[in-house]
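Subject: Structure for you to look at

Hi,

Here is the structure I promised to pass on. Please open it first, then read my notes below.

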Amino acid sequence: MSRFLALVVQTLVAVALAPALTGFIRWLKARLQGRRGAPPWQPYFEIRKLFGKEAVVSHTASWIFTATPFVVFSTAVVVASLVPLVVVPSGPFVAGDLFAAVYLLLLGTFFLALAGLDTGSPFGGMGASREMTVVALTEPTVALSIVALALNAGSTSFSQIVAHTLAEPSAALGSEHLLAFAALFIVTLAETGRLPVDNPSTHLELTMIHEAMVLEYSGPYLALVEWGAALKLLIFLALAANLFVPWGIALSFSPVALLIGLVSLIVKLAVLSAAVAVLETRVAKLRLFRVPELLSASFVLALLAVMSTFLAR
Amino acid sequence: MNALFSQLVMLGSSGMLLTALIVLWRKSVPSYISAYRWQAWLLAAVTATVAYFAGDRQLFAVAAALVALKGFAIPALLRTMQQRFGAQPQIKPYVNTETSLCVAGLLVMFAYVLARPWMAVTHLPTRGGLPLAMALLFVSLFIIVSRRKAITQVIGFLMLENAIALLAVVGTYGVPLLVEVGVFLDALMGFLVMQIFVYHIHETFDTIDVEQLTHLRH
């Protein structure tokens, strides 16, 4: 019973932390660019404000448009309950593995693209087609980096992968580990709409991807979509942190271990989001036709990771 | 101990392979030069690692020479070469970036398959680096044949030379110091000759696009 409770609390912590993570990246970026910036907890105010507003829905919109925010948010919450954040989920009530987590998140993306098309606005269609291009190109990389991790550990379940890395610390320095991490990091940037692929701080720009799809949303719907996107970023960063550098994660359900797990999670997320902020300050957005080059580079990284585990034995 | 040794060698060799992939991916010559510099540093690090774990004192001297020659001297020469040409109009390679990267992935796979029998007979802790060194060899060859700028081809050649050095280090724990010194001199001379050649191409054709060499001049 206490296991179940710990997992529920862990999921709630992730859901509660997600806006702060987005806010932290925005704040750090502002500081790096010499601006004062809004405080890290600004997204909470935004979400509260949006929940208080009326939702305006286009006449031409179908049920997909209203259902999408719930799908996006709920898939993100379900995935948050599957992945190792503070503690590694295990036991009879945990059904998902790495594949389930990644493809549940893609389900949300798929619905978001449908909703972008649904209202028939030109921006939405453009955003949806771009998003599908990017997702189709990240797909092989995601699958290959999962295979690289799973080949090492002999299983795709999170607990096995984490246990394997903890048991063999020198494996974390292995080339396949680092290559898969680099590939997954590039994929994270592409899937969560961060800078070299998509600009997260823009609201009206011809080249936007994620913002173009959600342009028609307002009020509570927009709040759910934004919250879901923030949660997705948190999940991807936490996955990158805990699968490749699992030290500090709670292995038992004792309060001390859980506390250490929480602190180490926050530290790892802070380090990774600082890396994202520095990267976003240094690089410019890629032209849309150069995005495939970046993603094929990440694909080759993942391919190398698989080869150095699979063919070298 | 041996596990850490082979892990470090693998890491260094993979890093060297990645620097070759950067040349396929990026478009500016300064980034190629820094990729080459990184590769030279990594080669020196791998050599020093082998020297430390195998207890070979001569290899330390080789690593120091590598840092001096390929880590500092050749990148500096490359940079002066690049500055002399100034800003060049963008020259598209024969093979576009996405295809090049995928071809590089295939070449790496080919290298792994090719190195399998070799890895089966050797019991050195460094054998994990063998397929990576072969892959670096193939990828550098691919850089030479698929790029049109003369300076990029020169960098591809230098990377090929690095690949052979890496192969010697991980395959046989390095060759005798005397041979190594001879190879260094050869590489440096080869580079200087190529530099003069590229300058001549630039003076005659006002570009370093090697495609121009196939046409008759006016």
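Chain B averages a pLDDT of 85, and 98% of its residues score at least 70. pLDDT is the predictor's confidence in each residue, on a scale from 0 to 100. This is a predicted model: local features need pLDDT of at least 70, side-chain atom pairs count only at pLDDT 80 or more, and totals for chains, interfaces and linings use all residues. Residues are numbered from 1 along each chain as its sequence is written, while chains are lettered from A and ligands numbered from 1 in the order in which they are written.

Confidence varies between the elements of chain B. Helix 7 (residues 177–205) of chain B has the lowest mean pLDDT, 83. Helix 5 (residues 129–146) of chain B has the highest, 91. Chain A also averages 85, with 97% of the residues at 70 or above. In chain A, the low point is helix 6 (residues 158–167), with a mean of 81. The high point in chain A is helix 2 (residues 42–51), at 93. The model as a whole scores ipTM 0.78 and pTM 0.85.

Now the chains.

Chain B has seven helices and zero strands. Helices (H or I, at least four residues) and strands (E, at least two) are DSSP runs, numbered from the N terminus. The C-alpha atoms of chain B fill a box of roughly 60 × 35 × 25 Å, taken along the principal axes. Chain B has a radius of gyration of 18 Å, which agrees with the value near 17 Å for a compact globule of 218 residues. That radius is taken over C-alpha atoms, and the globule rule is 2.2 Å times the number of residues to the power 0.38.

Of the 218 residues of chain B, 41% count as buried. Buried means that 20 or more other C-beta atoms lie within 10 Å of the residue's own; exposed means 12 or fewer, partly exposed is in between, and C-beta atoms are placed from the backbone.

Chain A has 11 helices and zero strands. Its radius of gyration is 19 Å, close to the 20 Å from the globule rule for 313 residues, so chain A is as compact as a globular protein of that length. Its C-alpha box is roughly 55 × 45 × 45 Å along the principal axes. In chain A, 51% of the 313 residues are buried.

Which residues touch the most other members of the largest nonpolar core? They are Leu234(A), Ile235(A), Ala240(A) and Leu136(B), in a core of 167 residues. Helix 9 (residues 219–244) of chain A gives the largest share of this core, 20 residues. A nonpolar core is a set of buried Ala, Val, Leu, Ile, Met, Phe, Trp, Tyr and Cys residues joined through C-beta atoms within 7 Å.

Leu136(B) has contacts beyond its neighbours within four places in sequence, including Met16(B), Leu17(B) and Met159(B). Two residues are in contact if their C-beta atoms, placed from the backbone, lie within 7 Å.

Next, where the chains meet. 16 residues of chain A are in contact with 19 residues of chain B. On the chain A side, helix 7 (175–191) and helix 11 (291–310) of chain A each give two or more residues. Helix 11 of chain A gives the most, with nine residues.

Helix 7 of chain A is mostly covered, with 16 of its 17 residues buried. It reaches 24 Å from its first C-alpha to its last, close to the expected 24 Å. The expected span of a helix is 1.5 Å times one less than its number of residues. Just after helix 7 of chain A, Gly193(A) takes a positive phi of about 65 degrees.

Is Ser201(A) buried or exposed? Ser201(A) counts as exposed, because it has 12 C-beta neighbours inside 10 Å. Ser201(A) sits in the loop between helix 7 and helix 8 (210–213) of chain A. Ser201(A) and Arg26(A) are 175 residues apart in sequence, yet 8.5 Å apart in space, C-alpha to C-alpha.

Last, helix 4 (residues 98–118) of chain A. Its buried residues pack against helix 3 (63–82), helix 5 (122–153), helix 6, helix 8 and helix 9 of chain A. Among them are Leu98(A), Leu105(A) and Phe111(A). Gly120(A) follows helix 4 of chain A, with a positive phi near 80 degrees.

Best wishes
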